[in-house]
Amino acid sequence: MTWLNNKGKTMFNIMLVTLGCDKNTADSERMLGLIDNSEYGLTSVPEEADAAVVNTCCFIESATQESIDKLLELSELKQGRLKYLICTGCMAQRYKDEIEKELPEVDAFIGTMSLDSIVEVIDELRERSRSYSEAGGADLPGDNEAFSLPPLKRYDELDDPYPDRTRIARVVTERPYLEYLKIADGCDKRCTYCSIPYFKGRYKSVPMEAVVEEAKVLADSGVKELILVAQETTCYGIDLYGEKRLHLLLRELSKIDGIEWIRLLYAYPEEIYPELIDEMASNPKVLHYIDMPIQHTEDDILRRMGRRINKDGIKKVISELRGKLPDIVIRTTIITGFPGETMEEHESLLDTLEELNLDHVGVFTYSREDLTPAASFDDQIDEAVKSTRLEDIMLLQQDISAQKLSGYVNKELDVIIDGYLPDDDVYVGRSYMDAPDIDGMIFIDSPRELFSGEIVRVKVTDSDVYDLEACLI
């Protein structure tokens with residue numbers, strides 16, 4: 001399947017592969033928009049590509065390995081039509097000093113603050129090949145001489161202001177009725193386990209007028225659900241305006257015709273503030289859902305992680321959210337097996353999670369990342385122990401989730417339709433309680449045809465551990 005009709009363009013096609021988080025998806029769609037506005041065509045079929053771009057992830061070791069594997073896999077296509085392989089994004093930035101030597105198959109590397117140069121880099125690769133051939137060099141690439149020239153590199157300063165991308169029309173690669181809206185990049189927290197500041201730089205808010213303008217363009221294209229993302233959404237505006245302005249941004253976004261749901265991800269608990277909670281409570285377009293990564297609950301672990309909150313602070317924030325928004329759905333993430341985590345701390349974490357009774361909990365085992373302070377901590381924990389602790393948390397959360405979802409049986413919910421399962425003759429959707437791809441689903445029995453992106457009212461008829469069943473009202 002190709003993304004669009006390339007009629008009238010050159011026969012030079014670009015394929016882009018996105019790895020990692022939803023923030024990468026937003027960046028990739030902007031790169032696709034730039035390519036779509038150029039002389040080049042777009043394809044999602046590897047065998048049709050003349051150049052392949054991989055927007056990489058390196059948050060943890062497994063993500064880095066996945067990025068490397070995908071680049072090596074695509075490099076095999078250079079035996080056929082593929083001429084250029086381009087590595088962009090997080091891994092290109094994080095390992096910029098050594099990546100050229102480790103991946104000689106790659107023709108260009110583009111860092112996290114230089115993604116808007118994608119078309120210029122492709123132009124330069126093609127021109128360089130022509131010049132090399134005209135000067136008497138071997139035909140490049142595609143004739144088994146793919147790696148004869150040193151790779152091109154594009155690395156702007158990490159702490160430069162966030163680039164103005166209001167004029168870039170994104171190419172939607174997934175659901176046309178929802179989009180991830182990136183409101184900031186970078187991070188100032190410096191948690192001891194996290195490598196993000198090393199390849200994303202300091203916190204950089206996107207100016208409010210630019211965010212709103214992009215949201216208007218998305219709404220005009222049919223987007224109904226906006227999902228706000230950043231390394232940390234709750235600090236939005238503090239670098240530009242000297243104060244947090246996420247609540248004001250939510251207010252402005254809610255004024256846009258066509259936008260019906262606004263969902264908030266990556267809200268750090270210590271940065272949640274009263275005006276934000278009040279806006280969530282009073283604004284009908286802002287979903288009563290928050291993704292709030294706490295990473296752990298025990299004070300000594302939180303201190304050594306470099307987190308800026310303790311257990312009592314976490315409980316206080318959750319109490320404040322539930323006080324103003326009784327139906328709020330809270331998602332969090334936990335890191336288990338952090339260096340020095342004792343069995344007593346693990347068991348206390350389980351007790352606290354049971355007490356907090358959160359709706360969604362994602363769990364990751366600690367990954368020892370180069371350059372981070374925690375990589376040198378004593379008492380690194382065995383992988384088998386980490387896996388056992390992860391299973392403990394997941395089993396607990398399954399019980400909590402099943403119990404909470406059972407309480408929705410016979411209740412009514414608004415649901416956005418995500419698709420249809422013909423084998424089961426049911427539609428699949430999500431309520432305000434579920435972010436796409438990471439939370440649960442609702443399977444809907446409907447006497448009439450439903451369309452993806454349509455928001456309908458359903459009555460819940462059954463529940464299981466993670467999902468609900470419902471019928472159309």
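**The open sheet**

Start by selecting the six strands of the open sheet in this predicted model. Going across, their order is β2-β1-β3-β4-β5-β6, and the pairing is parallel. Now colour β2 (41-42) and β6 (152-154): these two stand at the edges, and each has a single partner strand, so one side of each is left without a neighbour in the sheet.

Next, pick out β3 (residues 51-56) and β4 (residues 84-89). They pair in the parallel sense over 6 bridges. To see one of the partnerships, show T56 and look to β4, where its bridge partner is G89.

**Two helices on the sheet**

Keep the strands visible and add helix α2 (residues 61-75). α2 packs on the sheet and touches β1, β3 and β4; its direction makes about 175° with that of β3. Then bring in helix α1 (residues 22-36), which lies across β1 (13-18), β2, β3 and β4. Against β1, α1 runs at about 175°.

**The largest pocket**

Stay with those two helices, for α1 and α2 each give two or more residues to the lining of the largest pocket. So do α6 (196-200), β13 (329-336) and β14 (360-365). The space in this pocket is about 1,200 Å³. To find its centre, select C21, K23, F59, Y266 and F364, the closest to it of the 47 lining residues. Colour the lining by class and you will get 25 nonpolar, 11 polar and 11 charged residues.

**The second largest pocket**

Here the space is about 210 Å³. Select W261, N283, P284, V286, L287, H288, D327, L413, D414, Y432 and R457 to show the lining. Which elements give two or more residues to it? They are β12 (286-291) and β15 (412-421), with β12 providing the largest share, 3 residues. By class, the lining of the second largest pocket divides into 6 nonpolar, 2 polar and 3 charged residues.

**The largest cavity**

Last stop: the enclosed spaces. How many cavities of 30 Å³ or more does a search of the whole structure find? There are 6, and the largest cavity holds about 80 Å³ of space. Show V329, D359, H360, S401, K404, L405, Y408, M433, D434 and Y466, which line the largest cavity. Helix α14 (residues 383-406) gives the largest share of this lining, 3 residues. A last colouring by class shows 5 nonpolar, 2 polar and 3 charged residues around the largest cavity.

How values were computed:
Residues numbered from 1 in each chain as written. Predicted model: local features only at pLDDT ≥ 70, side-chain atom pairs only at ≥ 80, totals over all residues. Heavy atoms only, no water. Pairing = 2+ DSSP bridges. Helix = DSSP H or I, 4+ residues; strand = E, 2+ residues; numbered from the N terminus. Contact = heavy atoms within 4.5 Å. Axes fitted to C-alpha atoms, helices over the stretch in contact; angles between N-to-C directions. 1 Å grid on protein atoms, 1.4 Å probe; cavity = no way out; pocket = protein on both sides within 12 Å on 5 of 7 lines; lining within 4 Å. Points joined across faces, edges and corners; volume = space filled by probe spheres on them. Nonpolar A, V, L, I, M, F, W, Y, C, P; charged D, E, K, R; others polar.
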